[in-house]
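Let's take a walk through this model together, stopping at a few backbone details, a small sheet and a ligand site. Keep the viewer open as you read.

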Amino acid sequence: AHAFWDTQPVPKIDAQVEKSGPIEVKTLDDVRKEPLTLPALFEWVVLDVNDQVQLNDVYTLLNENYVEDDDNMFRFDYSIPFLKWALQPPHYLKDWHIGVRVKESKKLVAFISAIPATINVDKTDSVKMVEINFLCVHKKLREKRLAPVLIKEITRRVNLQNIWQAAYTAGIVLPKPVASCRYYHRSLNPKKLVECKFSSLPPRVSMSLLIKLNRVEENTKCPGIRPLTKADVPSATRLLAKYLSQYSLAPSMSEEEVWHWLAPQKNVMDCYVVVDPKTGEVTDMCSFYTLPSSVIGNPKHKTLKAAFSFYNIATSVPLVDLMADALHLAKKGDFDVFNCLDIFENSKFIKEHKFQPGDGNLQYYLYNYATQTKDPSAMGLVLL
Ligand code: MYA
Ligand code: JJ1
């Protein structure tokens, strides 16, 4: 049923994986030295995201053609600064920002990206991988088998760096999910969410009652909570490493990477910490990234501003209190909704903070690495 995926080193959908490890082992000699062949009208390009014009081309392709919900009412609208940040972590390779342009017009019609990451699997194996994201084919070129060509080309360019594994997520089921996770949503601006049809007014609930039900705390609960600074990074890196070590799939981040991924950036990343006044150690942190969605065909609202839960660690306060602060801060930041997955210990605050399940799922995958299927609560990795 999968003309492409059946040829790839991924477990069959019905496979019961017992032992973890690579599915196939190859060497550089096995890797094709020339790019994959594209249909004659198209050409491969590397997108230089330091160039505003090329970065804008990626933004526009994604803004018009990237991921939508099942009913095609909302489409992710990753911002330009977000894309630049997401594509340029420490040790990124510009060769891994791959585009397809129409030869004649130079219009960008497809994209795929890889970034380097070290991922710990089953708490024992540290695997050098890439994270694949932003796979996109223009709406007018869909179902022409272009996606497999993009995937094979990025695989080739990653293999040329002697990297043989990848992690990725998708809204659809492919061979074979490591974990199947669910989106949950906390309404912060219920009136707008209803007007956009992101949510509906529950039966026998008035708008004024809905607004009241969705109020957040007027004050923060965690004493001294403040934005992460560069001076916090050594301590925050230790806290993260210790916290993430309990998960079956989690990133391992250097100090450099922690600062890249968590440094506060307006309209991109929010990260707050609690620091022990005696020791200066970071004891708690919460973070969320900004990912708006275009509201498709709504006369009143053009975009929905969503916060996506990132890495949250509570040691000096209950996790529920830390997340109350995250919701308070997101509301103050004018977000309309706060989204999270049922990964980490998130089920501990989902009910209490009135999150509701969405209609979307997120499947986690590994390429060329077999491992036992995991519960969402064993997952310690968030991809953008
Ligand atoms: S997930 C986000 C994906 N993007 C979108 O959903 C945006 C909107 N949609 C589109 O742009 C297109 O519909 C896409 C497919 C591009 C998704 N992941 O060209 P086709 C398989 C993997 O005729 P199109 C993200 O970014 C499909 O099962 N495979 O189809 C992570 C079929 O194969 P098979 C997918 O609709 C991406 C084949 O493609 C996906 O025109 C991770 C059909 O191709 C998907 N999301 O284009 C990629 N959707 O016949 C894998 C469809 O076998 C990375 N397909 O069923 C693997 C690791 C690589 C690096 C390895 C290094 C070592
Ligand atoms: O956002 C999502 N769903 C929303 C909107 C649904 C619109 C109709 N289809 C939703 N709303 C109802 C819940 C409501 C929230 C406020 C409080 C009351 C309840 O369910 C969904 C997630 O649930 N989003 C998507 O489907 C987008 C795609 C998700 C897959 C992403 C794949 C990314 C891959 C990147 O590598």
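**A walk from the backbone to the ligand**

Lys197 sits in the loop between helix H4 (190–195) and helix H5 (207–213). Bear in mind that what you are looking at is a predicted model. The backbone at Lys197 deserves a look: its phi is positive, about 65°, although the residue is not a glycine. As background, most residues other than glycine have a negative phi, and most peptide bonds are trans. How exposed is Lys197? Lys197 has 13 other C-beta atoms within 10 Å, and it takes 20 or more to be buried and 12 or fewer to be exposed, so Lys197 counts as partly exposed.

Now turn to Phe134, which is not a glycine either and has a positive phi of about 60°. Phe134 belongs to strand S5, which spans residues 125–137. Is Phe134 buried or exposed? There are 21 C-beta neighbours inside 10 Å, and the cut-off is 20, so Phe134 is buried.

There is a further backbone detail to inspect, this time in a peptide bond. The bond from Pro175 to Lys176 is cis, with omega near -15°. To find it, follow the chain to the loop between strand S6 (166–170) and strand S7 (179–187), where Lys176 lies.

Next comes the small sheet. In general, strands of a sheet pair through backbone hydrogen bonds, either parallel or antiparallel. Here, three strands make an open sheet with antiparallel pairing, in the order S2-S12-S13. Strand S2 (74–76) and strand S13 (303–304) are the edges; each has a single partner strand, so one side of each has no neighbour in the sheet. Between S2 and strand S12 (residues 293–295), the antiparallel pairing runs over three bridges. For a concrete contact point, look at Phe74, which stands opposite Val295 in S12.

Finally, let's visit ligand 1. Which residues come nearest to it? Out of 36 residues around ligand 1, the nearest are His2, Phe4, Trp5, Leu135 and Ala147. Two or more residues of this shell come from each of S5, helix H3 (146–159) and S6. H3 is the biggest contributor to the shell around ligand 1, giving eight residues. S5 is thus a link back to an earlier stop, since Phe134 lies in that strand too. What is the make-up of the shell around ligand 1 by class? The shell has 25 nonpolar residues, with seven polar and four charged ones.

Note on methods. Residues are numbered from 1 along each chain as its sequence is written. Chains are lettered from A and ligands numbered from 1 in the order in which they are written. This is a predicted model: local features need pLDDT of at least 70, side-chain atom pairs count only at pLDDT 80 or more; totals for chains, interfaces and linings use all residues. Helices (H or I, at least four residues) and strands (E, at least two) are DSSP runs, numbered from the N terminus. Two strands pair if DSSP finds at least two bridges between them. A residue is near a molecule or strand if its C-beta atom, placed from the backbone, lies within 6 Å of it. Ala, Val, Leu, Ile, Met, Phe, Trp, Tyr, Cys and Pro count as nonpolar, Asp, Glu, Lys and Arg as charged, and the others, Gly among them, as polar.
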